[in-house]
Amino acid sequence: FIVSHPPKLTQCVQALQALNESPNDEAGNPPQLGVIVSPSSSSQADDSAKDDDVLEELPHADATADLSYNLVNGTRVGVLDDLDTWADGRDSNIGGKFICNLTGRAGTGKSTVASEFARRLRDKGRLGASFSFAHNVDDLTSPRLFFSTIAYQLAQSQAALRPHIAQAVRNYLKNGTRQQMRDEVSNLLRVPLHAAAASNVDQLQPIVLVIDGLDHCLEQNHSSGREMLKLLISCAKGSRIPIRILLTSRTPQVIDDALAAEDSRRIHTISFEDIALPSVNRDIERVLREGLGRIPSSGALLSTQPLFFQQLAKRAGGLFAHARTAVEFLSEDPGQLAQRIKQLLENTERTVGSVGPLDGIYSMVLQKAFPNGEVEKQATYHTRVQAILGLVALLRDPLSPNELAALSGISTADASPLLYNLR
């Protein structure tokens, strides 16, 4: 009797039944049970280990959408419902649109929503891959590692695609680790997707790719970024295994400009700018309540100011980044909570209409860190503050305090207190 390794319970039961039902031999001896262990599972384990090794040889970036972004419960419910409907293809009006472009100004929370959506897809086993472009990380500013990273993640997340991608990687690496994007998308994605479909891989639901921060790529690598986008969309259109792509960008034009008219008609756009401001303000109010609720002394104090959350949410101008900055500012020194709440309300009321809400709250934080009186009184201190702020603003990659001190010509002992104020 042939069983797999490890043997399954049903196989053991079948073996015992066969033993009981078998007649004695001609000499009257009872039947003997002989077991042959199939080597298939063992060989599959070996193959899987070999696939692991070859996949690790493929250059890839640590570009997974930042799942540390936490969306406050009860916020952006309508947007997430819309994304679920698009991903599932439940709405016939958008079912044929395999691209979704989530747009909105900087600070509206696109990355947070993309992160939450990716987390939900991952939990359902439907997240194929995610790539989060960033302006200050070398591997994440250009498309250089984009397709190899998508292929690597697909092999990790989709068991049905894994052996096909591993074999594709073996063939790909024979020609080196650095190839043209057109060759990468063909060899690492098109070929294994076609092979998987030909093997009757049954994908009941579409695989979703989440691409966040597309602006960071297109702004610094316009030509190659456009080519990357066209190749990705062409690959998804030609795949027999359904693939859907979520993109985030500041404006629809960022993506429309990179696509042909035919592809543009395949895009489902969700714009944060189209959401009614009262609804956005209610969500921002929830973010403020949740954040300040973690400060033990806040409850009693804020009970005397029942309109605080409503006022601050309104002055955020629809920007969740404003709310997060306000929470960080108030949480930094709970002992000064009352004073900081007063300062925050006075500052936002004063700056509304003159500068953007984010500029206003950032200016307030800087003034708190470097009071005008102290800065202006001491010429040397003023020069140091200017030098450190200028370097921080222009930095592309994070630097240590020692590196910043060396670059600015200011001693570490003098630079460290200034950096501490900016923490």
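In this predicted model, Asn 101 makes a good starting point: its place is in strand β3, which covers residues 99-103. Asn 101 has a relative accessible area of 1%, and because buried means under 20%, Asn 101 is buried. Its surroundings can be listed by name. Leaving aside neighbours within four places in sequence, Asn 101 is in contact with Leu 247, Thr 248, Ser 249, Thr 251, Pro 252 and Ile 255, and also with Ile 267, His 268, Thr 269 and Ile 270.

The nonpolar interior comes next. In soluble globular proteins, nonpolar side chains tend to be buried together. Here, the largest nonpolar core holds 53 residues, and Ile 211 and Ile 245 are the ones that touch the most other members. Residues up to four places away in sequence not being counted, Ile 245 touches Ile 211 itself, along with Trp 86, Phe 98, Ile 99, Cys 100, Leu 209, Leu 232, Ile 233 and Ala 236. Another core, of 28 residues, lies apart from it; among its members are Val 280, Leu 312, Ala 313 and Ala 321.

A backbone detail is found at Arg 76, in the loop between α2 (40-57) and α3 (77-88). Most residues other than glycine have a negative phi. Arg 76, however, has a positive phi, near 55 degrees. With a relative accessibility of 4%, Arg 76 counts as buried.

Finally, the cysteines deserve a brief look. The structure holds 0 disulfides. Cys 217 counts as buried, at 0% relative accessibility, and Cys 235 also counts as buried, at 5%.

Terms used: Residues are numbered from 1 along each chain as its sequence is written. This is a predicted model: local features need pLDDT of at least 70, side-chain atom pairs count only at pLDDT 80 or more; totals for chains, interfaces and linings use all residues. Side-chain values use heavy atoms; hydrogens and water are left out. A nonpolar core is a set of buried Ala, Val, Leu, Ile, Met, Phe, Trp, Tyr and Cys residues joined through side-chain atoms within 4.5 Å. Buried means under 20% relative accessible area, exposed over 50%, partly exposed in between (1.4 Å probe, protein chains only). Contact means heavy atoms within 4.5 Å. Helices (H or I, at least four residues) and strands (E, at least two) are DSSP runs, numbered from the N terminus. A disulfide is a pair of cysteine sulfur atoms within 2.5 Å.
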